[in-house]
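Reader: Please teach me how to read a protein model, one feature at a time.

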Amino acid sequence: MHVQLMPDNTVNVYDATIYRLSRLRYPPEMPCVQFYDENLKQNKDDCYAHAMEYDIQTNQVRALTVKTDPWCSCGGLAPDGSLLVAGGFGDGGKTSRYYYGCKTCDWREYPLKFKEDRWYATQVILPNGEFIVIGGRRSFSYEFFPKEGQETEKSIFFPFLYETSDIDENNLYPFVHLSSDGNLFVFANNRSLLLNPNTNKVVRIFPVLPGGSRNYPASGVSAMLPINLDPTEIDSSKIKIEVMVCGGNTYDSFHLAETVKQFLPALKDCNRMVITEKHPKWDREDMPSARTLGDLLVLPNGQLLFINGAQKGTAAWWDADDPNFTPVLYRPEKPKGQRFQTLNPTTIARMYHSTSAVLPSGKIWVGGSNTHNTYKDVDKFPTETRVEAFSPPYLDPNLDANRPKIIEDSSVKWLRYGNNFETQFRMKYMNQKLGMHDIKITLYFPPFTTHGYSMSQRLLVLGTIIIPSSEGIYRALAKAPSFPQVAPPGYYLLFVVNRGVPSEAMWVHLQ
């Protein structure tokens, strides 16, 4: 249900605790978790893990212990490499959690640290490296993530969330993107605005996006397009920030799915808007297929990937049908009508509670999908615990001759704002000729992904100068982003991209 790629090349995966069952039991050396069973009115032992660490290099898992229920929570990767998680269900609604990846690390939990329940809320990193947590079911407000073990100072009422709540709260897990001026683009249901998180003032209202509801439970997708950074740019306000919002369903789709199990067709439209323009407006085109409950990932070469989801219905138990098996590649630089490319389909339904993540290899980690409130092995859509690796077209072996290979030992891994840095790489064949504009350095901030939304996801494309060296080694000179508003501090995946073909990534830290 929830995944975060960590800088130690593991994926932190966790789910709800309330059902007290999973397919991963605690090993003998880990104690069971005691809980009070309200039905039996007695203490019971829960000996199943509801969180795990997944090693992407060995495919091995390590059980973790989470006690307060993190069901439908939110999270993000902090500048020090820790995973910070806010909220959840029941006793987890006001909990703050901290996890640092290591071979013996486990969750640290602090109940009752938020002023309001953060169930279906969105968490986004800010330029100062701290997090804002926005919304949640019947929580029309936001708070700032507290220091470990401390409480938040206050909850700030956000009328916009109340105004967009609709008949069935079609504004949960609002889409939030940090713009280059430090303000937050917040999209809920069909409306959006720009919020200054320092003054708590709304500084801009954007045009309404017609057609239906886009957030949970109608569950469309959203991402920022790649941010191109001119190495000579010294004014962050001149950087172009463009947002996509696609798919979802009609405003009454969840009500019909819940009450009479009528599954309306998902939306097929895909919309872009440059939020830094003086007079922004939505620009619409249609996707190859309708999609709700999907993921939208930004790939290391600047393309985007639509994956997972359904073509009918909405989120929540038993409320969707007609799985969308077919991933779609989106090439934002191409003209309208040429941007979408359908890819080879999977055979596994990935609908409600499916997840995905971009890996350092460039592959996509895909897991989850559970249309039920617990495990069901015999059903139209059985509970799915298999994990897949999806390979985008740039991993075609026929492109290997064009694939750079980073030489980590002679590359800079600690980046400072505005400073030049060097990345060295090889090509398969010595003395390959590389044109002036063939090579780009991209920086990818690994998001926290749940319920079809990848929080804090961004890809930065850096201007790069290539200097050939000896024995087929090339030096790529680039300038680190100058502003934390456009690139918050923390860990990024650095890719060397040769005409759309990315290398395997190297972890770098920006501060």
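**Reading the features**

Author: Let's begin with a hole: the lining of the second largest cavity has 7 nonpolar, 4 polar and 1 charged residues by class. Here Ala, Val, Leu, Ile, Met, Phe, Trp, Tyr, Cys and Pro count as nonpolar, Asp, Glu, Lys and Arg as charged, and the others, Gly among them, as polar. This is a predicted model, where local features need pLDDT of at least 70, side-chain atom pairs count only at pLDDT 80 or more, and totals for chains, interfaces and linings use all residues. Residues are numbered from 1 along each chain as its sequence is written, and side-chain values use heavy atoms, leaving out hydrogens and water.

Reader: How many cavities does a search of the whole structure find?

Author: A cavity is a set of points on a 1 Å grid over the protein atoms alone where a 1.4 Å probe fits but cannot get out, and lining residues have an atom within 4 Å of a point. The search finds 6 cavities of 30 Å³ or more, and the second largest holds about 70 Å³ (a volume is the space filled by probe spheres set on the points, which are joined across faces, edges and corners). Val-124, His-177, Met-224, Tyr-453 and Arg-458 are among its lining residues.

Reader: Which strand gives the largest share of that lining?

Author: Strands (E, at least two residues) are DSSP runs numbered from the N terminus, as are helices (H or I, at least four). Strand 15 (175-178) gives the largest share, 3 residues, while strand 11 (122-125) and strand 38 also supply at least two each.

Reader: What order do the strands take in the open sheet?

Author: Two strands pair if DSSP finds at least two bridges between them. In this sheet 6 strands run 6-5-2-1-37-38, with antiparallel pairing. Strand 6 (61-64) and strand 38 (453-455) are at the edges with a single partner strand each, so one side of each has no neighbour in the sheet. From one strand to the next, the twist averages 20° (axes are lines fitted to C-alpha atoms, and angles run from 0 to 180 degrees between N-to-C directions). Zoom in on strand 1 (residues 2-5): 4 bridges join it to strand 2 (residues 10-14), and His-2 has Tyr-14 as its bridge partner.

Reader: Where is a hairpin?

Author: Strand 12 and strand 13 make one, with 6 residues between them, and Gly-135 in the turn has a positive phi of about 80°. Those antiparallel strands share 3 bridges, and Val-133 stands opposite Glu-143. Strand 13 is also joined by 2 bridges to strand 14 (residues 156-157).

Reader: What about unusual backbone angles?

Author: Most residues other than glycine have a negative phi, and most peptide bonds are trans. Lys-41 isn't a glycine, yet its phi is positive, about 60°; look for Lys-41 in the loop between strand 3 (33-37) and strand 4 (42-46). A cis peptide bond joins Tyr-216 and Pro-217, with omega about 5°.

Reader: How many aromatic pairs are there?

Author: Rings of Phe, Tyr and Trp (its six-membered ring) pair if their centres lie within 6.5 Å; planes under 30 degrees apart are stacked, over 60 edge-to-face and the rest tilted. There are 32 pairs in the whole structure. Trp-71 and Trp-119 form an edge-to-face one, 5.7 Å centre to centre with 70° between the planes. Trp-71 is in the loop between strand 6 and strand 7 (74-77) and Trp-119 in the loop between strand 10 (108-110) and strand 11, so this pair ties together parts 48 residues apart in sequence.

Definitions and conventions: On a 1 Å grid over the protein atoms alone, a cavity is a set of points where a 1.4 Å probe fits but cannot get out, and a pocket is an open set with protein on both sides within 12 Å along at least five of seven lines; lining residues have an atom within 4 Å of a point.
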